[in-house]
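I opened this notebook to record how aromatic side chains and helices are arranged. The entries follow the order in which I looked things up.

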Amino acid sequence: MGRYFYSEVHIKSPWYQVLAAFWQRYPNPYSTHVLTEDVLYREVTPTNLLLSRRLLTKTNRLPGWAEHIFPAHMARDVYVLEDSIVDPEANTLVTKTWNLNHNTLMTVVERCMFEQDGSQPTWTKLKQEAWISSSVYGLTRPIQVIFPISMATRKIHPGNTSPAHQKPRPLQPRSPISSPEPITASKQKLLF
Amino acid sequence: MNSVGEACTELKREYDQCFNRWFAEHFLKGDRSGDPCTETFRKYQRCVQKAIKEKDIPIDGVEFMGPNKDKPES
């Protein structure tokens, strides 16, 4: 069981500024739950795309009712991977973020697309999608309650549609990133 | 921002500074002359990969831009 969220926002800053800020977003006053940030991988491809992988660790902030049910999970921080592709010619940044642990509780996958706003070239459009799933019986409703709150500042169009999002590019990175694995993970904040 | 390896934070900062400068002043402006930060990155990575192993963080074999999440089950 799971939920899909979609939102679109317009950032009133040009794309190149949003991109530069993207790499410097931590720390910030709204991300006190983010404990560490590390770049694990970077590559400029022959077609001049910038591939990156970042590892974030975040505090595992469960709501009060969940703490009683899942005390063991409170001990361990959440590990989150963020993979991204910057295309400086198309002026796009695509990111995929998901949690590596606490999967028995919940899996959160977020995909963001930052692109120059066609109708307002000095603005940047951000399309954000999230897939939240849990194999814990009875957790779907609390998920619906928790996550819309965290995204309340954006336009939300919750629904059951799954978008035709782009497939991972067939890249041959030099670092040993390979072999797909089913990822499950714990709850993470969607807003960074 | 701190690194996951406490000892790596300074190396991380050095790399971040180099990268941010190159990214804004060269990469985004279409300059394809190449990334000048490879040496600082290497030093930083030696440290952080060690910390990741010590903390048993499960990053091995994770596909780039994975997972593919399709229809959520309702």
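**Rings, charges and helices**

I looked first at A:R42, whose charged end sits over the ring of A:W23, 4.5 Å from its centre. The charged end of A:R42 also sits over the ring of B:F19, 3.4 Å from its centre. I applied this rule: NZ of Lys or CZ of Arg within 6 Å of the ring centre and within 35 degrees of the ring normal.

I note that this is a predicted model, in which local features need pLDDT of at least 70, side-chain atom pairs count only at pLDDT 80 or more, and totals for chains, interfaces and linings use all residues. Residues are numbered from 1 along each chain as its sequence is written, chains are lettered from A and ligands numbered from 1 in the order in which they are written, and side-chain values use heavy atoms, without hydrogens and water.

I then looked up the aromatic pairs (Phe, Tyr and six-membered Trp rings with centres within 6.5 Å; stacked under 30 degrees, edge-to-face over 60, tilted for the rest). The count over all chains is 13. A:Y4 and A:W131 form a tilted pair, 5.6 Å centre to centre with 50° between the planes. B:Y15 and B:F41 form another tilted pair, at 4.8 Å and 50°. Ring pairs also link a cluster that includes A:W23, B:Y15, B:F19 and B:F41.

Finally, I checked α1 (residues 15-23) of chain A against α1 (residues 9-25) of chain B: their axes come within 10 Å and cross at roughly 170°. The two helices are therefore roughly antiparallel (angles over 145 degrees).

Methods:
Axes fitted to C-alpha atoms, helices over the stretch in contact; angles between N-to-C directions. Helix = DSSP H or I, 4+ residues; strand = E, 2+ residues; numbered from the N terminus. Parallel < 35°, antiparallel > 145°, perpendicular 65-115°, else oblique.
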